[in-house]
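Please work through the following exercises with the sequence and the structure side by side. Each task is followed by a solution that goes step by step.

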Amino acid sequence: MILDLKLLFAGGEPIKIDYTFTPESGIIDGCSPVKVTGILKSISSVIYMELNASFILTKECDRCLTIFERKYDIPVKHIVVNSVNNEDNDEFIVVEDMTLDLDELIMSDIQLTLPMKHLCKEDCRGLCSTCGKNLNTGDCNCTTSRVDPRLEALRSLIE
Ligand SMILES: [Zn+2]
Ligand SMILES: [Zn+2]
């Protein structure tokens with residue numbers, strides 16, 4: 001969505017945002033359409049953007065390779081100005097032609113927020129390095145390769 005901010009910079013009524021867009025393929029693999037809600041309002045010639053981007057990500061777990069879905073709600077908050085002279089600050093978004101490509105901004109915010117690693121759950125046990133069994137579904141028979149750390153401690157006491 002391309003937002004025309006001319007009226008808002010002139011002190012116009014807040015703009016309510018409620019729309020869904022489909023990200024261009026290749027930006028974030030496995031990303032569902034993104035629902036965007038929130039508001040843009042102008043306060044003394046700068047625009048305050050307070051949005052929420054909601055979507056579902058389908059990923060392969062980096063540890064156990066299971067495909068899983070996770071819902072994300074990412075806040076998209078920015079201060080938008082129409083002149084570089086306002087202040088030199090990285091947190092500001094400068095729109096010199098009074099328009100803003102909202103989809104693009106939201107996608108880059110999402111990219112910055114998403115974790116580097118995708119785990120199906122925080123304590124995912126992954127695959128057995130010997131037999132390849134998914135250890136989240138139960139133990140395998142390769143007991144020799146994985147010694148219980150408590151047993152290990154006992155053993156070192158005895159020795
Ligand atoms: Zn996993
Ligand atoms: Zn195993």
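**Exercise 1.** Which arrangement do the four donor atoms around the zinc ion (ligand 2) make, and what angles do they subtend?

*Solution.* Before starting, note that this is a predicted model, in which local features need pLDDT of at least 70, side-chain atom pairs count only at pLDDT 80 or more, and totals for chains, interfaces and linings use all residues. Residues are numbered from 1 along each chain as its sequence is written, chains are lettered from A and ligands numbered from 1 in the order in which they are written, and side-chain values use heavy atoms, with hydrogens and water left out.

Step 1 is to find the donors, that is, N, O and S atoms within 2.8 Å of the metal (3.2 Å for Na, K and Ca), bearing in mind that water is not among the atoms, so sites may look incomplete. For the zinc ion (ligand 2) they are the SG atoms of C128, C131, C140 and C142, at 2.3 Å.

Step 2 is to look at the angles, which run from 105 to 112° and make the arrangement tetrahedral. Four donors count as tetrahedral if all angles lie between 85 and 135 degrees. For comparison, the ideal angle for four tetrahedral donors is 109.5 degrees.

Step 3 is to place the donors along the chain, where they follow the spacing C-x2-C-x8-C-x1-C. C140 is buried, with a relative accessible area of 8%, while C131 counts as partly exposed at 43%; buried means under 20% relative accessible area, exposed over 50%, and partly exposed in between (1.4 Å probe, protein chains only).

**Exercise 2.** Identify the protein donors of the zinc ion (ligand 1), and state which parts of the chain the pair C61 and C120 ties together.

*Solution.* Step 1 gives the donors as the SG atoms of C61, C64, C120 and C124, which lie 2.2 to 2.4 Å from the zinc ion (ligand 1). The site is tetrahedral, with angles of 107 to 115° among its four donor atoms, and the spacing along the chain is C-x2-C-x55-C-x3-C.

Step 2 follows from where two of these donors lie: C61 is in the loop between β4 (46-60) and β5 (67-81), and C120 is in the loop between α2 (102-113) and α3 (149-158), so the pair ties together parts that are 59 residues apart in sequence. Helices (H or I, at least four residues) and strands (E, at least two) are DSSP runs, numbered from the N terminus.

Step 3 compares the surroundings, for C61 is buried at a relative accessible area of 0%, whereas C120 counts as partly exposed at 23%. K121 is also in the loop between α2 and α3, and its C-alpha atom is 9.4 Å from that of F68, although the two residues are 53 apart in sequence.

**Exercise 3.** In what order do the five strands of the open sheet lie, and which are the edge strands?

*Solution.* Step 1 is to read the order, which is β2-β3-β4-β5-β6 with mixed pairing; two strands pair if DSSP finds at least two bridges between them. The edge strands, each pairing on one side only, are β2 (15-21) and β6 (92-94).

Step 2 is to follow the pairs from one edge. β2 runs antiparallel to β3 (residues 34-43), and seven bridges join them, with F21 having V34 as its bridge partner and T20 standing opposite K35. β3 and β4 are antiparallel as well and pair over nine bridges, including the one between G38 and L51.

Step 3 is to examine the hairpin of β3 and β4, which has two residues between the strands and in which S44 takes a positive phi near 40°. In general, most residues other than glycine have a negative phi.

**Exercise 4.** Where do L65 and M98 lie, and are they buried or partly exposed?

*Solution.* Step 1 takes L65, which lies in the loop between β4 and β5, has a positive phi of about 70° although it is not a glycine, and counts as partly exposed at 47% relative accessibility.

Step 2 takes M98, which is found in the loop between β6 and β7 (99-101), has a positive phi near 70°, and counts as partly exposed at 22%.

Conventions:
Four donors count as tetrahedral if all angles lie between 85 and 135 degrees; four count as square planar and six as octahedral if opposite donors are over 155 degrees apart and all others between 65 and 115; anything else is irregular.
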